[in-house]
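Here is a quick walk through a protein model, from the overall fold down to a few individual residues. Have the viewer open while you read.

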Amino acid sequence: YEDIILLPSLISLLNEAGTSDMSDAEFRNYIGKLTGGVYATMDIMSVKPTGWDDDSKVVPGVNMLTLLFIRGKCTIEKISDLFAVFEKVLLDINLDDSQDILRNALKSNLSSKKSSVASRGHSFANRRIRGRYSVRNFIDEKMYGVSSLESYATVLEAVNSDWEIFVLRLKKLREAILNGSRNGMILNLTGDRDVLDAIMVKAEDFLVNSLPVDLGHPAPPTPDFRLVDHPWIAPAKEDMLQSNPVRDEGIVVSTQVAYVAEGGRLYDVEETVSASVSVVSHYLTTGYMWDVIRAKNGAYGAYSQFSSNDGIATLFTYRDPNPPEDTLDAFHAAADNVLQDASSSLTRDDNAAITTAIIGTIGGLDGSALSAKEAGWVALIRYLRGESALCRQRWREEVLKSSVDDFVDFAQRLKSWKTPSIAIVASQSAFNEMERDLSLFKAQ
């Protein structure tokens, strides 16, 4: 767990460094000539505990997968070349001679991250709040949220001070990934039936002969993380209590506007969540949040977000010119507004407002038609998370059946949400004018 802050550095080098026989520029050109692109990504995803495939419950947050993905695309005649590139990315990236590449990447990422906190503070405030209530969310915030500013600075110092020690840590990290059991690996292929049939022999050859089996040290079977806690959970819980407890917090940046967020738990772990919650959250964003906070008070954006996965709801604004206290007062009036609408406008014209909210929610679920690449990726993620087709169909049906009673239930939960907390991205002067006691984090 202590080395998870190194994972973004490893991913950067897999995407930017050269190999044992090619420089970084030569390897990028090599990839471009043979494929439609190859890149590495990482994901930390919650998975449903065994037996929950068809249920819409708040997950405990201790069952999760930490995955390295190598993704790429090519024409059918180049499939062997694509697999050869995969092999080089996994096994042959030259870490030893990549100090300058990584140093430049870290400096660029650190600068970009600081700029993003000032320009997209709503996403950082939202992520910061969610990281206080779920271990998985905490790890996500540590790696990608405002906490990552400290991580990038720490890693950059280590790169500059002792590269030999640092690269040794990277090699051990890569070895730990490659030395994992085969039952922790998966190859996902997307194409039409003729293409898949034609490449299957080459795919099997890649799996059998190109990937390392054990690097000389047979690995124990990968645990079924739908049955057991991920090994990062225990140390992350301790880290979470110390570095991001449930508290009101201000994130100091240089900006003339504010990004105000408040959130808390609406549903407890293992509690069943109705899909109607997504309808009410959509209604809140397009109704009260838009009319009062955006149109009337002048914020560029105002949103309600609820995650059925962790049971956490957040309200947040984008480029908000108002004093943060005024926006928080507006948040606190949201539940009463929904209750008022439930006894008036929501029941008019044969529940037309509810129907409109349902249509908007279904549009968000369906989105636009997926490309082949997107369809294959979505199918893989659903498989890994343990999301069944039956569960998705039930969710859709519950959306369509949403009623005024569901709006009342949501509003009542929002009025009494559990251990709510605040995260505000604003200037130091804005915080000086607030009477509220906030823990300040300087992100400048």
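## A tour of the model

Let's start with one side chain: beyond its neighbours within four places in sequence, Tyr 288 is in contact with Tyr 283, Ile 293, Ala 330, Ala 333, Ala 334 and Asn 337. Bear in mind that this is a predicted model. Tyr 288 belongs to helix H11, which covers residues 276-296. With a relative accessible area of 9%, Tyr 288 is buried, because the cut-off for that label is under 20%. Its C-alpha atom is separated by 9.3 Å from that of Ala 302, a residue 14 places away along the chain.

Now zoom out. The protein chain contains 18 helices and 8 strands. How does its radius of gyration look for a chain of 444 residues? A compact globule with that many residues would come out near 22 Å, and the protein chain has 24 Å, which agrees. Along the principal axes, the C-alpha trace spans about 70 × 50 × 40 Å.

Contacts tell you about the fold as well. Take the contacts between residues at least 6 apart in sequence: 81% of them join residues at least 24 apart. As for burial, 47% of the 444 residues count as buried. The protein chain exposes about 21,300 Å², and carbon and sulfur atoms supply 50% of that area. On the charge side, there are 46 positive and 61 negative charges, and their mean positions are 2 Å apart.

Helix H5 (residues 121-130) is a good place to look at burial up close. Of its 10 residues, 8 are buried, so the helix is largely enclosed by the rest of the structure. The buried ones are Gly 121, His 122, Phe 124, Ala 125, Asn 126, Arg 128, Ile 129 and Arg 130.

Arg 130 also turns up in the surroundings of Asn 137, a residue of helix H6 (residues 135-144). Leaving aside neighbours within four places in sequence, Asn 137 is in contact with Arg 130, Gly 131, Asp 310 and Ile 312. Asn 137 counts as buried, at 9% relative accessibility.

What about disulfides, and how many does the structure hold? The count is 0. Two cysteines are still worth a look for their accessibility: Cys 74 counts as partly exposed at 30%, whereas Cys 391 counts as buried at 8%.

Here are some of the accessibilities side by side:

| Residue | Relative accessible area | Class |
|---|---|---|
| Cys 74 | 30% | partly exposed |
| Cys 391 | 8% | buried |
| Asn 137 | 9% | buried |
| Tyr 288 | 9% | buried |
| Asn 351 | 33% | partly exposed |
| Thr 419 | 51% | exposed |

The last two rows bring us to some backbone geometry. Most residues other than glycine have a negative phi. Asn 351 has a positive phi of about 60° although it is not a glycine. You'll find Asn 351 in the loop between helix H13 (334-342) and helix H14 (352-366). Thr 419 is another non-glycine with a positive phi, in this case about 40°. Its place is in strand E7, residues 418-426. Is Thr 419 buried or exposed? Its relative accessible area of 51% makes Thr 419 exposed, because that class takes values over 50%. Asn 351, by contrast, is partly exposed at 33%.

Terms used. Residues numbered from 1 in each chain as written. Predicted model: local features only at pLDDT ≥ 70, side-chain atom pairs only at ≥ 80, totals over all residues. Heavy atoms only, no water. Helix = DSSP H or I, 4+ residues; strand = E, 2+ residues; numbered from the N terminus. Rg over C-alpha atoms; globule rule 2.2 N^0.38 Å. Buried < 20%, exposed > 50% of the residue type's maximum accessible area, 1.4 Å probe, protein only. Contact = heavy atoms within 4.5 Å. Areas by Shrake-Rupley, 256 points an atom, 1.4 Å probe, with all protein chains shown as cover. Lys, Arg positive; Asp, Glu negative; His and termini not counted. Charge placed at Lys NZ, Arg CZ, Asp CG, Glu CD. Disulfide = S-S within 2.5 Å.
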